[in-house]
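The following exercises concern a single structure, shown below. Each task sentence is followed by a solution that proceeds step by step.

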Amino acid sequence: MNNLVSQRFIQCYQDLIDTHQIRSARQFAVALDSYAQTFNEILKLRRDVSLELVQKAVEVFHFNLIFIFGKWPKISQSRCFRRSPYSPS
């Protein structure tokens, strides 16, 4: 189940972690109205990311669909996303 869309989605998630916009996989999952267990399965590449989860990540964290489904930068403005409402002040 290791598809390219899931890998790119995880790269965007990892950028959120690296830039301290979120603290954990659980916080990310909750922000997207998903279950932490489901997202952990995606991170372990045991499950593919759903289109619904991609859509919510685009809405909440401004993930760049062109990167996820194509070849362009991960974030719409700057890298993968703009500053999220879940990042620490």
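**Exercise 1.** Determine whether Asp48 is buried, partly exposed or exposed, and state where Asp48 lies.

*Solution.* Step 1. The classes are as follows: buried means under 20% relative accessible area, exposed means over 50%, and partly exposed is in between (1.4 Å probe, protein chains only). Step 2. Asp48 has a relative accessible area of 26%, and therefore counts as partly exposed. Step 3. Asp48 is placed in the loop between α3 and α4. Helices here are DSSP runs (H or I, at least four residues), as strands are (E, at least two), numbered from the N terminus.

Two conventions apply throughout. This is a predicted model, in which local features need pLDDT of at least 70 and side-chain atom pairs count only at pLDDT 80 or more, whereas totals for chains, interfaces and linings use all residues. Residues are numbered from 1 along each chain as its sequence is written, and side-chain values use heavy atoms, with hydrogens and water left out.

**Exercise 2.** Establish how far apart Asp48 and Ser6 are in sequence and in space, and describe the surroundings of Ser6.

*Solution.* Step 1. The two residues are separated by 42 residues in sequence, yet their C-alpha atoms are 5.7 Å apart in space. Step 2. Ser6 belongs to helix α1 (residues 4-18). Step 3. Because its relative accessibility is 0%, Ser6 counts as buried. Step 4. Leaving aside residues up to four places away in sequence, Ser6 touches Arg47, Asp48 and Val49; contact means heavy atoms within 4.5 Å.

**Exercise 3.** Identify the residues that Ile68 touches, not counting residues up to four places away in sequence.

*Solution.* Step 1. Ile68 is located in helix α5. Step 2. With a relative accessible area of 1%, Ile68 is buried. Step 3. Its contacts beyond four places in sequence are Val5, Arg8, Phe9, Cys12, Val54 and Phe63. Step 4. For one of these, Cys12, the C-alpha to C-alpha distance to Ile68 is 8.5 Å, across 56 residues of sequence.

**Exercise 4.** Describe the lining of the largest pocket.

*Solution.* Step 1. On a 1 Å grid over the protein atoms alone, a pocket is an open set of points where a 1.4 Å probe fits, with protein on both sides within 12 Å along at least five of seven lines; lining residues have an atom within 4 Å of a point. Step 2. The residues lining the largest pocket include Asp33, Tyr35, Arg47, Asp48 and Lys56. Step 3. Helices α3 (36-43) and α4 (51-61) each supply at least two lining residues, and α4 gives the most, with 3 residues. Step 4. Asp33 sits in the loop between α2 and α3. At 64% relative accessibility, Asp33 counts as exposed. Its phi is near 55°, a positive value in a residue other than glycine.

**Exercise 5.** State how many helices and strands the protein chain has, and assess the confidence of the prediction.

*Solution.* Step 1. The chain contains 5 helices and 0 strands. Step 2. Of its 89 residues, 42% count as buried. Step 3. The average pLDDT (the predictor's confidence in each residue, from 0 to 100) is 84, and 78% of the residues score at least 70. Step 4. Among the elements, helix α5 (residues 65-69) has the lowest mean pLDDT, 87, and helix α2 (residues 25-31) the highest, 96. Step 5. Where pLDDT is low, the predicted coordinates should not be read in detail.
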